[in-house]
Amino acid sequence: MAEIKIYPTKQLVAENFSVFFKKLITNKEAFHVALSGGSTPKIVFDHLATHFADDIDWSKILLYWGDERCVPPTDSESNYKMTLQHLLSKISIPEENIFRILGENNPKQEAKRYSTILDENLPTKYDIPKFDLVILGMGDDGHTASIFPHEIDIWHSKANCEVAIHPDSAQNRITITGKIINNAEVVAFLVTGPTKAEKVKEIIKEIVGYKNYPATLVNPTSGELIWFLDSEAAKEIC
Ligand code: 6PG
């Protein structure tokens, strides 16, 4: 059963998630985390950069991405660029700890390459690469990572990573799959804002049709799934 944490504001989501993150890495020699794009992680990254730059030993943190847009790292759409601006440029983390998805590469080749990166660098559980933490957002349409409702079958892929297509922009994306997400030790959903409230209600209360949303399929075998919501995103379940 998922744990649901609700805070009055996005900022308090960021502050409390940061404390949660710090606790998770305590006593770990190497902590493998998959980051998410989106607006809520941006606030979290700003908070971590401001208040935890010296409070966390970033040399123990190995950073990956749960998804990336197939654009160069200099593109305003790039999740890596957002992370660089809001976090990486403000903390001291060894270059070799950063496993960027190469959005500038051929998508099919990059999905294969990144799948191998996960195989080669992550510990395994059930012979599947295991993240210590996967951070996810959720789109207004119930997508997560870059698995969208119109191609929800990507979730069930046997591959670690797949090429996805944004339903509106047709932009190619690289995304980790359900096999990786549900094998993580801990999964944290960071979901804020009023546009998420309807889907949060449908998914949490299992309202008819909820299984059509990829976010519904997030159910780590570890049982460690935590939703970090602000009041706006949680207003239909309170
Ligand atoms: C991405 C993200 C994506 C995001 C959701 C929610 O690359 O865009 O990984 O899954 O988390 O779209 O984004 P917002 O929090 O900005 O609504």
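The legends below describe close-up views of a predicted model.

**View A. Phe17 in the largest nonpolar core.**
The largest nonpolar core has 77 residues. Among these members, Phe17 and Phe21 touch the most others. Leaving out residues up to four places away in sequence, Phe17 touches Val44, Leu133, Ile135, Ala188, Leu190 and Phe228.

**View B. The open sheet formed by β4, β9 and β8.**
Three strands make up this open sheet, in the order β4-β9-β8, and their pairing is antiparallel. Strands β4 (67-69) and β8 (161-165) are the edge strands, each pairing on one side only. From one strand to the next, the twist averages 20 degrees.

**View C. Pairing of β8 with β9, and the helix across them.**
Strand β9 covers residues 172-176 and pairs with β8 in the antiparallel sense. Five bridges join the two strands. One residue to look for is Cys161, whose bridge partner in β9 is Ile176. Helix α4, formed by residues 107-121, lies across both β8 and β9. The helix runs at about 145 degrees to β8.

**View D. Surroundings of the ligand.**
The ligand is surrounded by 15 residues. The closest are Ser39, Asp67, Arg69, Ala145 and Lys196. Three side chains are shown with their distances to ligand oxygen. For Lys196, a polar side-chain atom lies 2.6 Å from an oxygen atom of the ligand. For Arg69, the distance from a polar side-chain atom to an oxygen atom of the ligand is 2.7 Å. Asn79 also places a polar side-chain atom 2.9 Å from an oxygen atom of the ligand. Residues 67-69 form edge strand β4 of the sheet in View B.

**View E. Val218, a loop residue with buried surroundings to inspect.**
Val218 belongs to the loop that links α6 (197-204) and β11 (225-230). Val218 counts as buried because its relative accessibility is 4%, and the cut-off for buried is under 20%. Outside its neighbours within four places in sequence, Val218 is in contact with Leu136, Thr144, Trp155, Ile181, Asn182, Val187, Phe189 and Leu225. One of these contacts, Ile181, is 37 residues from Val218 in sequence, while their C-alpha atoms are 7.0 Å apart in space.

Methods: Residues numbered from 1 in each chain as written. Predicted model: local features only at pLDDT ≥ 70, side-chain atom pairs only at ≥ 80, totals over all residues. Heavy atoms only, no water. Core = buried A, V, L, I, M, F, W, Y, C linked by side-chain atoms within 4.5 Å. Buried < 20%, exposed > 50% of the residue type's maximum accessible area, 1.4 Å probe, protein only. Contact = heavy atoms within 4.5 Å. Pairing = 2+ DSSP bridges. Helix = DSSP H or I, 4+ residues; strand = E, 2+ residues; numbered from the N terminus. Axes fitted to C-alpha atoms, helices over the stretch in contact; angles between N-to-C directions. Near = heavy atom within 4 Å. Polar contact = N/O pair within 3.5 Å; in protein donor to acceptor, adjacent residues only side chain to side chain.
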